[in-house]
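Please consider the briefing below alongside the sequence and the structure. It is arranged by topic for use at the bench.

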Amino acid sequence: MKRAIFPGTFDPFTIGHYSIVKRGLKLFDEIVIGIGVNQAKKTLFSIEKRQDIISQTFKDEPRVKVSIYDSLTVDFARSVDAGFILRGLRSVSDFEYEHNIADANRKISGIETVILFTDYEYSYISSTVVRDLIVYGKDISIFLPPNVKL
Ligand code: ADP
């Protein structure tokens, strides 16, 4: 069984994240979406709300599980018996960061990170942009996975 975690903050979970999970299901038997508790980051949505939205999104996909974790990402991966970390890469600005954590994670745990390039139509979408639009009362449904309401 090939299992990967897809860790992130997902504040909120966008169609870009959704696309990475759907594509990841072609590579892995199971994906555990891990919502990291990040004390330093102030989020717009509570962790329970984020978990609820992601669980609803994948309610018909038994190969996707959703968990909250409050530990090092590699320790979370081990705790769910996952051998891989799945991440998405939008642009060169993501590259340096993803490269660094992937190297560090492999060094401390041997766990490999598998990075998928974002589908070009989603490469400009970020949780930050979606949050800004929400704060100003804009309709953001086109940036969310199909049939998701916040
Ligand atoms: P983090 O706080 O760990 O960066 P995010 O929720 O922002 O968490 O992102 C989780 C993962 O999803 C990261 O690998 C990020 O690069 C990727 N990601 C974010 N937005 C998109 C997008 N539009 N398309 C593809 N991948 C994305």
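The points that follow concern the ligand site, helix α1 and the loop before it, and several individual residues.

This is a predicted model, in which local features need pLDDT of at least 70, side-chain atom pairs count only at pLDDT 80 or more, and totals for chains, interfaces and linings use all residues. Residues are numbered from 1 along each chain as its sequence is written, and side-chain values use heavy atoms, with hydrogens and water left out. The ligand sits in the largest pocket, and the protein buries 89% of the 550 Å² that the ligand exposes when taken alone.

**Ligand site**

- A pocket is an open set of points on a 1 Å grid over the protein atoms alone, where a 1.4 Å probe fits and protein lies on both sides within 12 Å along at least five of seven lines; a molecule sits in a pocket if more than half of its atoms lie within 2 Å of its grid points.
- Accessible areas come from the Shrake-Rupley method with a 1.4 Å probe.
- There are 17 residues around the ligand, and Thr9, Phe10, Lys41, Gly88 and Ile125 come nearest (a residue is near a molecule if one of its heavy atoms lies within 4 Å of it).
- The shell around the ligand consists of six nonpolar, six polar and five charged residues. In this division, Ala, Val, Leu, Ile, Met, Phe, Trp, Tyr, Cys and Pro count as nonpolar, Asp, Glu, Lys and Arg as charged, and the others, Gly among them, as polar.
- Two or more shell residues are given by each of β1 (3-8), α1 (15-24), β4 (84-89) and α4 (92-109). Helices (H or I, at least four residues) and strands (E, at least two) are DSSP runs, numbered from the N terminus.

**Polar contacts of the ligand**

- A polar contact is a pair of N or O atoms within 3.5 Å; within protein, one must be able to donate a hydrogen and the other to accept it, and residues adjacent in sequence count only if both atoms are side-chain atoms.
- Lys41 places a polar side-chain atom 2.9 Å from an oxygen atom of the ligand.
- Glu98 has a polar side-chain atom 3.4 Å from an oxygen atom of the ligand.
- In the side chain of Arg90, an N or O atom is 3.3 Å from a nitrogen atom of the ligand.

**Helix α1 and the loop before it**

- Helix α1 is largely enclosed by the rest of the structure, because eight of its 10 residues are buried (buried means under 20% relative accessible area, exposed over 50%, and partly exposed in between, with a 1.4 Å probe and protein chains only).
- The buried residues of α1 are Ile15, Gly16, His17, Tyr18, Ser19, Ile20, Val21 and Gly24.
- Thr14 caps the N-terminal end of α1, with a side-chain oxygen 3.1 Å from the backbone nitrogen of Gly16.
- Pro12 lies in the loop between β1 and α1, and the peptide bond from Asp11 to Pro12 is cis, with omega near 0°.
- Phe10 is found in the loop between β1 and α1, and its phi is near 55°, a positive value in a residue other than glycine.
- Phe10 counts as buried because its relative accessibility is 3%.
- Most residues other than glycine have a negative phi, and most peptide bonds are trans.

**Buried residues in strands and loops**

- Arg3 belongs to strand β1 and is buried, with a relative accessible area of 16%.
- A polar atom of the Arg3 side chain lies 3.0 Å from the backbone oxygen of Val80, and one lies 3.4 Å from the backbone oxygen of Asp81.
- Arg87 lies in strand β4 and counts as buried at 17% relative accessibility.
- Tyr69 is placed in strand β3 (residues 64-69) and is buried, with a relative accessible area of 9%.
- Tyr69 and Gly36 are 33 residues apart in sequence and 5.1 Å apart in space, C-alpha to C-alpha.
- Ser126 occupies the loop between β5 (112-117) and α5 (127-135) and is buried, with a relative accessible area of 15%.
- The side chain of Ser126 has a polar atom 3.1 Å from the backbone nitrogen of Val129.

**An exposed residue after α5**

- Asn147 lies in the segment after α5 and counts as exposed at 79% relative accessibility.
- Phi of Asn147 is near 65°, a positive value in a residue other than glycine.

Key:
On a 1 Å grid over the protein atoms alone, a cavity is a set of points where a 1.4 Å probe fits but cannot get out, and a pocket is an open set with protein on both sides within 12 Å along at least five of seven lines; lining residues have an atom within 4 Å of a point.
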